[in-house]
Amino acid sequence: MEWTLVLGRFYGIDTFIEFLTILVSLSVSFYSFRVYKLIKDKHYKWFSLAFLLLGISFIFKILSNITFLHKFEVQEANFVFTFMSHLKSMEIVNFFSFVFYKTFHLIGFLLLFLILSKNEERNKNILFFYLSLIVVLFSIYFNFVFHITLVFILIYLTLYFYENYKKVENINAFLVFMSFLIILTSHLFFIFSDVNTLFYLFGEVLLLIGFMCLLTNQIRLKIKSKKVLKSK
Amino acid sequence: MKTKRTKLEIIRDLLDTLQKNRKVKITHLIYKANLSNNSIKPYLEELLRNGLMEQFFEDEQRLFKITSKGNEFLMEYSKIKVFSESFGL
């Protein structure tokens, strides 16, 4: 009897990509919280929470992909048959991890939408949260609803970051705009992931590129602050 | 034409003045930060509440000085500015 750990699809490439996206999300979340601690501006606190939720969602995505395979052999006459079976308890872990991944991912992006749309009206927010709850519930059962909802949120966020880039005209704002544009494209691919797994692979690669743009932005911030400190 | 300063830039200007001087009167802050008597009030309250500066009294005069947290903010300012600009916060 032999146990094999399977890290995800495509020899665990998707798990590796998700691990990197966790690091990037947590890095943005950590810095935003640091700014909040300094100036106590609530926008930074919510922004930090949004990226924290995205980071946590990817942890659940990794958990949802992990499978333990139970390999056993049966000998019949001159033949040896090899069977692989899933561990039953892992199926439950996988299911709930996937539910949590979808829930945290949607709430993370919805929170970003809420912060950047700067909606302060309480009545509208209550309606927004109610509709979000419905969307989350539907997304749990229908994969395409999850991705289509994300596409719509990401269209808004991408347009927001494009307008912001036009306003401030710097490379960092461009990187953020590009990052969200690529993440949006990745979710367009994910919509068709149930049709063909290649769509899933393309989506994952694009997701990685998108988050790498965000990482580049974070690295540029670090370099800039070091330069400022040296010049003082 | 000069664009309107952001909240972050006004906080930087106020803390910059406090960092360059050991103790500062409110009139000096108003002058250096280019704010009116009324518009400076919410900023002062926020800086005090967030522990970026502190007030004390000397010869019955209200004075302000920067705190270590305020100095930390100035060190981080350029990074915070780029961060908030890049995400449009």
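What pattern does chain A follow when read along the sequence? In this predicted model, the pattern of chain A is β-α-α-β-β-α-α-α-α-α. That makes seven helices and three strands in chain A.

Chain A has 232 residues, and buried residues make up 35% of them. Contacts were also sorted by separation along the sequence. Among the contacts in chain A with a separation of 6 or more, 67% join residues that are 24 or more positions apart.

The domain assignment splits chain A in two. Domain 1 covers residues 1–138, and domain 2 covers residues 142–232. The two domains touch. Domain 1 of chain A gives 18 residues to this contact, and domain 2 of chain A gives 19 residues. On the side of domain 1, three elements give two or more residues each: helix 1 (13–39), helix 3 (88–116) and helix 4 (122–141) of chain A. By class, this side of domain 1 holds 13 nonpolar, two polar and three charged residues.

Chain A also touches chain B. The contact takes 23 residues from chain A and 17 residues from chain B. On the chain B side, helix 4 (residues 68–87) of chain B gives the most, with 13 residues. The side of chain B that touches chain A divides into eight nonpolar, four polar and five charged residues.

Chain B contains a hairpin, built from strand 2 and strand 3 of chain B. Strand 2 spans residues 53–58 and strand 3 spans residues 61–66. The two strands pair in the antiparallel sense, over six bridges. Within this pairing, Gln55(B) stands opposite Phe64(B), a residue of strand 3 of chain B. Two residues lie between the strands of the hairpin. Here Asp59(B) takes a positive phi, near 50°.

Gln61(B) also belongs to strand 3 of chain B. Is Gln61(B) buried or exposed? A residue is exposed if 12 or fewer other C-beta atoms lie within 10 Å of its own. Gln61(B) has 10 C-beta neighbours inside 10 Å, so Gln61(B) counts as exposed. Another position in chain B can be set beside this residue. Gln61(B) and Ile26(B) are 35 residues apart along the chain. In space, their C-alpha atoms are separated by 9.6 Å.

Terms used
Residues numbered from 1 in each chain as written. Chains lettered and ligands numbered in written order. Predicted model: local features only at pLDDT ≥ 70, side-chain atom pairs only at ≥ 80, totals over all residues. Helix = DSSP H or I, 4+ residues; strand = E, 2+ residues; numbered from the N terminus. Buried ≥ 20, exposed ≤ 12 C-beta atoms within 10 Å, placed from the backbone. Contact = placed C-beta atoms within 7 Å. Nonpolar A, V, L, I, M, F, W, Y, C, P; charged D, E, K, R; others polar. Domains from an automatic or database assignment. Pairing = 2+ DSSP bridges.
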